[in-house]
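Subject: Handing over the structure

Hello,

Here is the structure you will be working on. Please open it beside this email and follow along.

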Amino acid sequence: MLTVGVACAPAPLPSTVDEPALRLFTGARLILGNGDVLDEGALLVRDDRIVEVGDVGEVVVPPDARLVDLSGKTVMPALVNTHAHLGWEAYERWGSEQFTRDNLIDHLDRHAYYGVGTIISTGSDIEEIALEVRQAQWVGEVDGARYLVSPGLGTPGGGPNPRFTDDAGWWGVNEVTAPEEGRAAVRRLADRGVGILKIWVDARDRRRGAEVKLAPEIYTAIIDEAAVRDIRVIAHATTLEDHKRLVEAGVRRFIHMPYDTDVDDEYLAMVVARNVYIVPTLGMVTRGEPYRRPVFDDPFFQEQVPERVVTMLGEAAAGGPDPTQPRSAAAEERARVIADNFLRLRDHIILGTDAGAVGDFFGYADHLEIELFVELGMTPSEAIVASTIRAASAFGLDQTGTLETGRSADFVVLDANPLDDIMNSRQITDVYLRGVQVDREALRADWTR
């Protein structure tokens, strides 16, 4: 396949290397993704599937299997990111003109490089390009992280943040102004094979002279029609009252959690009773606030960009707010609300980064997010569960998210144990997606030149 460099189109490079049909990965600590751990495990993989998982000695070694000794390593499932915005970022530029087939594939490769096996891109993808790339991946022409497209529906003038909609090349949201329009949009997208839809329930069109949220009768019609067609709906909503109304209407997945109001017992009971999943996007909402760390001087980030990008980001940071200055009382209170709500919702949190919308960088941002999960009170094991099997389960992705017989062979080999320190998720030796080893060295050489 082709990959794209930071500034200009490079020579073609493969993102994966060929593998034999049957391999036994043996001797590593296996973090299964569901909270269980095998201290010395064996993982039998045939082609793109996990055939058997167990302790060393329990898994029978077929005579035609190639043994891969991973003694001293740790293996965990590839991450599942349920919220990002692919295609617009070019690492030195940002905008609709960057949304090309090659750049989209490059972003799938960047996620794969950092151990992200599945990515849901929500509401900002140019549908014709996105659906073509999705189809090409289905037939094996495109590698990288598994790509799931989630078109968005919203009010006219609403939808994505103004950075998207102010772009002269913004392709537009699926605008709906009445219940039947919402149902028709769902039917059209279902006919195109879309399995996930995003709805914006906010008042972002205030910049255009109005403050009109997606009305309950409209989003209820969308939710009902989507259920009939087995489409998962995820709602962008940030207020407690909107969350409650949407849960009552049947929504079980949210981008963002209430950030400015403490969640109450009524809401928590609804979340538990209906098994709601929430993407907190901590890295985005805490930008410039308590939990952010600069990326430009992080060696883990520098692995996948040239020096000129590092310099550009350093100069931008130097012109920004001074992180050593005390925060305002309002910022302190917001930080408290975010931290308290996160802990109360911890068993329903899933991974999503919002990367590609206003900064942050694909794959790298996923590690920052799970580090924030731990910083706000999760154990490393809980953070891994939230970022693998729970994130997959939220969207019915029963082929990935855990090391389990029959699942896709999507896993990461680490030099250190992230259960001891979540920062060890960065100690990546290899990434395997659909049973094929990602050629991280070739990708890194391409991106940093």
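Below is what was found, starting with the ground rules.

This is a predicted model, where local features need pLDDT of at least 70, side-chain atom pairs count only at pLDDT 80 or more, and totals for chains, interfaces and linings use all residues. Residues are numbered from 1 along each chain as its sequence is written, and side-chain values use heavy atoms, with hydrogens and water left out.

**Sheets**

Strands (E, at least two residues) and helices (H or I, at least four) are DSSP runs, numbered from the N terminus. Two strands pair if DSSP finds at least two bridges between them.

One open sheet has three strands, in the order 7-8-9, with parallel pairing. Strand 7 (79–84) and strand 9 (146–150) are at its edges. Each has a single partner strand, so one side of each lacks a neighbour in the sheet. From one strand to the next, the twist averages 15°. For such angles, axes are lines fitted to C-alpha atoms, for helices over the stretch in contact, and angles run from 0 to 180 degrees between N-to-C directions. Strand 8 (residues 116–122) is joined to strand 9 by five bridges. One residue pair to find is Ser121 and its bridge partner Val149, in strand 9.

Another open sheet has six strands. Their order is 11-10-12-13-14-15, and the pairing is parallel. Strand 11 (174–175) and strand 15 (277–279) are the edge strands, and each pairs on one side only. Strand 10 (residues 152–154) and strand 12 (residues 196–200) pair in the parallel sense over two bridges. Leu153 has Ile199, in strand 12, as its bridge partner.

**Cores**

Those two residues turn up again here. A nonpolar core is a set of buried Ala, Val, Leu, Ile, Met, Phe, Trp, Tyr and Cys residues joined through side-chain atoms within 4.5 Å. Buried means under 20% relative accessible area, exposed over 50%, and partly exposed in between (1.4 Å probe, protein chains only).

The largest nonpolar core has 104 residues. Leu153, Ile199, Leu246, Phe254, Leu345 and Phe373 have the most contacts inside it. Helix 12 (residues 364–375) gives the most to this core: six residues. A second, separate core has 16 residues, including Phe25, Val45, Ile50 and Val68.

Which residues does Phe373 touch? Contact means heavy atoms within 4.5 Å. Leaving aside neighbours within four places in sequence, the partners of Phe373 include Pro280, Leu282, Phe342, Ile349 and Met378.

**Helix 11**

Phe342 is also one of the buried residues of helix 11. The others are Ala331, Ala335, Val337, Ile338, Ala339 and Asn341. What should the 16 residues of helix 11 (residues 329–344) span? The expected span is 1.5 Å times one less than the number of residues. That gives 22 Å, and the end C-alpha atoms are 23 Å apart, which agrees.

**Two buried polar residues**

Take Arg407 to begin with. Arg407 sits in the loop between helix 14 (389–394) and strand 16 (411–414). Is Arg407 buried or exposed? Arg407 is buried, because its relative accessible area is 11%. A polar atom of its side chain lies 2.5 Å from the backbone oxygen of Thr400. That is a polar contact: a pair of N or O atoms within 3.5 Å, where within protein one must be able to donate a hydrogen and the other to accept it, and residues adjacent in sequence count only if both atoms are side-chain atoms. Not counting residues up to four places away in sequence, Arg407 also touches Asp48, Arg49 and Ile50, among others.

Now Asn417. Asn417 lies in the loop between strand 16 and strand 17 (428–433). Asn417 is buried, with a relative accessible area of 11%. A polar atom of its side chain is 2.9 Å from the backbone nitrogen of Leu419. Beyond four places in sequence, Asn417 is in contact with Arg29, Ile31, Thr74 and Asn424.

**Positive phi**

Most residues other than glycine have a negative phi. Asp47 has a positive phi, near 55°. Asp47 lies in the loop between strand 3 (37–46) and strand 4 (49–55). At 46% relative accessibility, Asp47 is partly exposed. Phi of Arg434 is positive too, near 55°. Arg434 is in the loop between strand 17 and strand 18 (436–438), and is partly exposed at 23%.

Best wishes
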